[in-house]
Amino acid sequence: MQILNQKMTRSIAVLFFTLSFGVLQIAMANTVDEPLLHPAIPLLDEEGNHVRDSGKPYSPKVSCGSSGCHDYDAITHAYHFEMGRDEARDDFGSKRGLSHLVSPGYFGGYTCMGGNNPEVLAKKNNASTDDFADKGSAGLIKRCIGCHTGGGWMEKDRNGRNYDDTDPAGVTEFDGDYFNRGTDENNQDTDVSIVSQWNWNKSGVIEADCMMCHTDFSAMKKFDPALGANDGSDDTDSAYDHFRDLRNNYLVKEGGYFRYAATAILEFLNLKHPDGSQEEKSLLIFEREIKPSGGHGSSGGPDYTLTLGNDELPVINWNADAFDNDGKVLIPMLRFPANDNCMLCHRTSNSRRGFYGFGEVASATYEDGDDGPLEEDYKDDVHKGKTWTEPNGETRAIENCNACHSRNYFKKSFENVDLDADHNFLKGNSDMDVRNDLDYNANAKTCEYCHNDAPAPAELAIPSGHEDMLSAHREIWKSNGDMAGYPINTLTKITQTHLDVIACQTCHITDKKDRGGNAIQILYRYRAEASGDLKIVPYNPRLRYYWKDRNSGRVLNQTERNSVFELREENGEQYGAVVDSGGNELTRVSIRMSHGNVRFGDPEEYDGFVALKNAYDSLLMDKGLGNPDAVLVRTESNAYIISHNARPSPSSLQCEECHNRKQSGAFSSLVSTSGLFGENNIKTVVQLPDRRLVDEGIIVFDLPYMQMDETGKVTESVADILHVTKVDPSMTVLRSATAPVAAGILKRMSTADGLEAAGLDSSNDNVTAHFTSGEVYLYKANYGNSAVRAVALIPEVNGQTELVFPTYRMQVALADNNVASAAENADLGELASRVFSLEAVDKNSREVTSFSGSRVLVKLPYEGTATNTDEIKVISSSEGSVAWQAIDNNDIVSVQPHSDEAGSESEGYVAFLTDHFSDYAIVNNTRSTTPPPQNSGTSSGADSASGSGGGGSTSYILLLLLGLMCVCLAWVTKNKTASRLTVSEK
């Protein structure tokens with residue numbers, strides 16, 4: 001009877017919870033998603049001539065940006081276009097322990113899709129062919145064209161200049177933007193040992209392809225009858241597939257015709273508007289010669305060759321009838337990208353994020369129509385088909401990515417179109433590090449926003465009528481019997497603890513599968529929320545390894561790694577051979593074909609790994625490195641956060657999946673070791689052929705939660721992951737949450753808001769006296785080491801600064817140990833702060849050495865107890881290791897002492913004015929101090945757990961955190977024989 005009652009209670013609770021979370025309106029089509037006819041415009045080529053007359057490809061930059069309508073440069077400066085170009089610098093990786101990286105994004109970062117042996121972008125400055133990595137910028141374009149729209153890094157070099165506007169004769173040899181590996185001086189493919197200057201004048205650049213985001217893919221059509229039927233009756237590819245094949249393969253990868261890339265989609269764009277206001281018509285057709293048989297890149301050919309003109313460039317037949325008498329054309333366009341447009345780049349595969357979009361596959365289906373039981377699959381999302389109403393009264397169906405990620409999606413219909421809309425889509429705290437300064441600013445719509453926090457008059461998605469999600473969760477857990485055995489006056493605290501510590505996605509996203517239908521093992525980690533609090537989120541690790549020299553920190557690129565392999569044959573069977581510099585075979589490995597290239601496997605035995613290590617040691621020695629020690633580093637390049645495809649409440653996690661029941665039937669407050677957050681929730685990373693590889697240091701682990709048993713099996717448990725990510729919640733191998741460096745742009749705000757955000761006292765006349773205009777710019781890092789995050793840079797907004805400061809990129813870094821030692825030994829006083837390197841870089845990536853009379857208020861964290869400017873000095877050096885001197889004490893405007901006494905803890909700071917940036921530190925005149933440690937990127941618990949560290953109540957025995965503490969204690973004391981090695985990135 002008791003069991004029956006429990007089942008009935010749970011059934012009632014499930015129904016209640018479903019209503020509590022559901023948004024009950026049935027979605028209707030959003031008019032804002034319907035294609036509309038863009039005002040008639042001419043299509044112009046790069047020289048500003050009409051394409052109908054010139055026969056050349058159209059230029060989005062000239063056609064859309066030179067008319068005065070759209071700010072092309074501002075739009076293409078958004079992170080989706082730049083992908084790290086505007087953050088790139090040759091020393092980027094060396095400051096983060098990965099010397100080969102030049103940026104945090106796809107442009108030279110670690111987030112590319114190259115598996116364990118990705119191609120590395122060459123640095124801007126290289127001394128020789130040997131120093132040049134796998135790809136120059138042109139080679140990276142050919143490699144990555146399938147998922148990038150153009151503009152940004154496909155158009156501009158690392159100094160902000162258009163590649164094809166740069167005089168080739170003035171290019172420095174082996175410049176990574178203007179040279180490329182594996183192509184000759186005519187842009188033709190050649191041996192990878194060759195590094196030649198790329199001819200940008202010949203290829204052109206890839207301008208931003210506006211139509212890739214603003215074309216309705218479902219309306220595309222093949223107008224060239226040689227490409228096959230549009231209804232698929234002849235088994236030929238769709239218009240969409242042909243567009244991608246033409247753009248990616250024929251024009252870019254094979255032809256190197258970069259300037260033609262944006263024109264490819266126009267061949268398949270149907271000018272007929274859904275309302276019938278225009279006839280079915282094409283803008284152009286690329287002239288082509290169909291081959292007799294075979295396919296190109298897919299099974300649905302036909303294959304062809306592009307017809308080239310006398311200039312050896314593709315021939316475009318522009319359709320004169322598509323233009324009116326004024327040479328203008330009306331083009332159907334989407335205001336906001338549809339799901340298919342987003343998924344062109346974010347499509348799911350085994351190498352992507354496990355997100356299936358908001359297409360029809362995400363819709364709920366029912367067994368007997370709308371009234372039958374739900375037939376749920378792993379692609380469904382409970383939000384699909386619901387609606388949301390913003391506080392401004394605008395209602396939208398939740399049918400696509402824009403509902404959460406677009407800034408202007410809920411704009412009122414009568415409001416003017418924002419022709420220069422910010423194209424930095426709302427990304428939250430993503431699992432890559434591009435433009436971390438944009439994290440949560442502004443934030444994509446979150447679970448908490450729609451279900452709890454949205455300002456009135458929005459109707460929160462709580463149909464049960466409860467005041468907030470705290471009340472809704474508490475009541476359903478009471479109804480379920482999940483609160484049985486707990487005092488009634490503790491139920492609110494118990495519920496709040498869960499909401500504070502566990503993200504909504506953790507319980508409401510379950511049973512994920514990849515595109516092949518294979519189950520994804522969901523793991524759990526901490527991540528920083530918009531408030532700065534840490535919450536447990538579901539994720540899927542991107543397990544990776546790389547080879548590096550332990551002594552120098554040099555990471556081997558793909559060209560170097562592949563150079564010790566040869567493809568050989570024996571008895572008609574091909575295999576991979578690891579060879580020494582003399583060509584002698586050291587060991588054999590498996591081979592496989594991937595994307596037309598041979599991929600070499602790992603050695604399968606201990607001796608083979610040793611042979612491979614020795615081959616890499618010899619390679620490094622040949623490159624001039626003394627005493628090399630090559631090691632294979634196992635890591636996670638990304639923690640792919642799982643945020644989509646939320647389940648209805650009956651499919652959410654239940655209490656017993658994390659907690660055991662006590663003898664009384666109540667749930668234990670402790671987290672079960674066998675539960676989802678426990679030490680027995682284990683993911684296998686790899687099975688090594690022999691544990692001696694780790695014992696002897698040939699293979700090392702980059703993450704402390706990677707464990708190995710006696711058989712060489714490497715695993716990681718959720719309990720260990722939670723323990724480590726509570727201290728360092730970084731999302732990628734760059735460890736950005738605790739890195740010793742952070743960079744970003746200045747934000748404009750009122751003086752009062754700026755000072756408050758910087759943590760300065762706005763009532764201090766010494767501070768406010770230096771700001772008279774009422775507005776300031778502020779840079780304060782939202783990521784990085786706690787000392788880095790405590791620094792604030794504040795110039796005033798005035799006629800001079802607003803001309804240049806918005807284009808500057810600020811960088812705050814802990815100075816390296818040599819600079820810190822020089823400051824400590826400068827005989828100017830005892831260090832009372834860490835040593836900081838401040839830098840401003842202009843839009844052309846040049847360091848700004850002077851602010852031309854303008855002054856910046858700098859706030860540095862101070863660890864001494866002085867209370868006035870006479871007791872301290874701010875010391876500075878433009879050269880770091882030499883020539884330290886004190887700045888004028890009159891430029892010090894405020895001193896706040898540090899206090900660590902119980903009940904009066906406060907972070908100290910010193911604020912001063914400067915007209916340039918350099919290395920800075922604070923020394924204390926009146927009190928001998930122990931020099932603060934110069935943190936090199938790793939973090940203490942106090943460092944990363946600043947703030948609430950998750951937001952749990954300290955007045956109550958935290959239901960979840962206590963359990964985690966016990967699990968973590970078990971982690972510390974468990975089997976001592978488990979091997980855990982880490983690599984120092986200092």
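# Exercises on burial, contacts, sheets and cores

Cys 64 has a relative accessibility of 19% and therefore counts as buried; buried means under 20% relative accessible area, exposed over 50%, and partly exposed in between, with a 1.4 Å probe and protein chains only. The model is predicted: local features need pLDDT of at least 70, side-chain atom pairs count only at pLDDT 80 or more, and totals for chains, interfaces and linings use all residues. Residues are numbered from 1 along each chain as its sequence is written, and side-chain values use heavy atoms, with hydrogens and water left out.

## Exercise 1: cysteines

State how many disulfides the whole structure holds, and explain why Cys 447 is not bonded to Cys 504.

Step 1. A disulfide is a pair of cysteine sulfur atoms within 2.5 Å. Searching the whole structure gives 0 disulfides.

Step 2. Cys 64 is accordingly in no disulfide, and its nearest cysteine sulfur, in Cys 210, is 4.3 Å away.

Step 3. For Cys 447 the closest cysteine sulfur belongs to Cys 504; the separation is 4.3 Å, so it is too far for a bond.

Step 4. Cys 447 has 26% relative accessibility and so counts as partly exposed.

## Exercise 2: two loop residues

Locate Asn 400 and Thr 236, then list the polar contacts of the side chain of Asn 400 and of Thr 236.

Step 1. Helices (H or I, at least four residues) and strands (E, at least two) are DSSP runs, numbered from the N terminus. Asn 400 sits in the loop that links strand 12 (395-397) to helix 11 (402-405). Its relative accessibility is 8%, so Asn 400 is buried.

Step 2. A polar contact is a pair of N or O atoms within 3.5 Å; within protein, one must be able to donate a hydrogen and the other to accept it, and residues adjacent in sequence count only if both atoms are side-chain atoms. The side chain of Asn 400 has such a contact with the side chain of Asp 33 at 3.1 Å and another with that of Tyr 409 at 3.4 Å.

Step 3. Contact means heavy atoms within 4.5 Å. With neighbours within four places in sequence set aside, Asn 400 is in contact with Asp 33, Asn 339, Phe 358 and Tyr 409.

Step 4. Thr 236 belongs to the loop between helix 8 (210-214) and helix 9 (239-254). Its relative accessible area is 19%, so Thr 236 is buried. The side chain of Thr 236 makes polar contacts with the side chains of Lys 222, at 2.9 Å, and Asp 234, at 2.7 Å.

Step 5. Gly 301 is 65 residues from Thr 236 along the chain, and their C-alpha atoms are separated by 5.8 Å.

## Exercise 3: a three-strand sheet

Which strands stand at the edges of the sheet 21-24-23, and which helix packs on it?

Step 1. Two strands pair if DSSP finds at least two bridges between them. The order 21-24-23 describes an open sheet of 3 strands with antiparallel pairing.

Step 2. Strand 21 (682-687) and strand 23 (707-708) are the edges: each has a single partner strand, so one side of each lacks a neighbour in the sheet.

Step 3. Strand 23 and strand 24 (residues 713-717) run antiparallel and are joined by 2 bridges. Met 708 is opposite Val 714 of strand 24.

Step 4. Helix 19 (residues 718-727) packs on this sheet and touches strand 23 and strand 24. Its direction makes about 65° with that of strand 24; axes are lines fitted to C-alpha atoms, for helices over the stretch in contact, and angles run from 0 to 180 degrees between N-to-C directions.

## Exercise 4: strand 8 and the cores

Decide how far strand 8 is enclosed, and identify the element that gives the most to the largest nonpolar core.

Step 1. Strand 8 (residues 329-333) has 4 of its 5 residues buried, so the rest of the structure largely encloses it. Strand 8 pairs with strand 1 (residues 36-41) in the antiparallel sense over 4 bridges, with Ile 331 as the bridge partner of His 38.

Step 2. A nonpolar core is a set of buried Ala, Val, Leu, Ile, Met, Phe, Trp, Tyr and Cys residues joined through side-chain atoms within 4.5 Å. The largest has 73 residues, of which Leu 43, Leu 266, Leu 283 and Trp 318 touch the most other members.

Step 3. Several elements each supply at least two residues of this core, among them strand 8 and helix 10 (339-346). Helix 9 gives the most, with 6 residues.

Step 4. A second, separate core has 55 residues, including Val 578 and Phe 609.
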